[in-house]
Amino acid sequence: MTDNDIRQAAEAGCRTMSELTMRTGAGASCGSCVELATQVLTEARAGRELPLPMFQQAA
């Protein structure tokens, strides 16, 4: 499992560490990568999501 694999999973719609584990197996064995994998996943998601303050105010 590489950081690129995690980014690709995020681009495919993976949003949580649980989803990442189901899709890729990351963290399923010893769990030593969970912290780093969560960080990469969070960063990858943040890069894709655009803040839309107009919609937040309208809601």
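The following exchange goes through a predicted model of one chain, from its overall make-up to individual residues.

Colleague: In which helix of the chain is confidence lowest?
Modeller: The model is predicted, and the mean pLDDT of the chain is 85, with 80% of its residues reaching 70 or more. Confidence is highest in α2, at 93, whereas the lowest value, a mean of 57, belongs to residues 53-58. Where pLDDT is low, the predicted coordinates should not be read in detail. The helix asked for is α4.

Colleague: In what order do the elements of the chain run from the N terminus on?
Modeller: The secondary structure comes to four helices and zero strands. With zero strands in the chain, the order from the N terminus is α-α-α-α.

Colleague: Which helix supplies the largest share of the largest nonpolar core?
Modeller: Of the 59 residues of the chain, 19% count as buried, and the largest nonpolar core has eleven residues, namely I6, A9, A10, C14, M17, L20, A26, A37, V40, L41 and A44. At least two residues of this core come from each of α1 (3-11), α2 (17-24) and α3 (34-48). In soluble globular proteins, nonpolar side chains tend to be buried together. The largest share here, four residues, comes from α3.

Colleague: With which residues is L41 in contact, leaving aside its neighbours within four places in sequence?
Modeller: L41 is itself a member of the largest nonpolar core, as are I6, A10, C14, M17 and L20. Contact here requires heavy atoms within 4.5 Å, and with neighbours within four places in sequence left aside, the residues that L41 touches are I6, A10, C14, R15, T16, M17 and L20.

Colleague: Is R15 buried, exposed or partly exposed?
Modeller: R15 lies in the loop between α1 and α2, and its C-alpha atom is separated by 9.6 Å from that of A44, 29 residues apart along the chain. Because its relative accessibility is 31%, R15 counts as partly exposed.

Colleague: How far from the sulfur of C33 is the nearest cysteine sulfur?
Modeller: The structure holds zero disulfides, and C33 accordingly is in no disulfide, the nearest cysteine sulfur being that of C30. A disulfide would need the two sulfur atoms within 2.5 Å. C33 counts as partly exposed, at 31% relative accessibility, whereas C14, at 0%, counts as buried. The distance asked for, from C33 to the sulfur of C30, is 6.4 Å.

Colleague: Which residue forms a salt bridge with R7?
Modeller: The structure holds one salt bridge, and its closest N and O atoms are 2.7 Å apart. R7 is partly exposed, with a relative accessible area of 33%, and its partner is also partly exposed, with a relative accessible area of 42%. Because the two residues are four apart in helix α1, they are separated by about one helical turn. The partner of R7 is D3.

Colleague: What is the relative accessible area of S18?
Modeller: S18 lies in helix α2, and its C-alpha atom is separated by 9.8 Å from that of T38, 20 residues apart along the chain. S18 counts as exposed, for which the relative accessible area must be over 50%, and the value for S18 is 52%.

Colleague: What share of the exposed area of the chain do carbon and sulfur atoms supply?
Modeller: While 19% of the 59 residues count as buried, the chain exposes about 4400 Å². Of this area, carbon and sulfur atoms supply 54%.

How values were computed:
Residues numbered from 1 in each chain as written. Heavy atoms only, no water. Buried < 20%, exposed > 50% of the residue type's maximum accessible area, 1.4 Å probe, protein only. Areas by Shrake-Rupley, 256 points an atom, 1.4 Å probe, with all protein chains shown as cover. Core = buried A, V, L, I, M, F, W, Y, C linked by side-chain atoms within 4.5 Å. Salt bridge = Lys/Arg side-chain N within 4 Å of Asp/Glu carboxyl O. pLDDT = per-residue confidence, 0-100.
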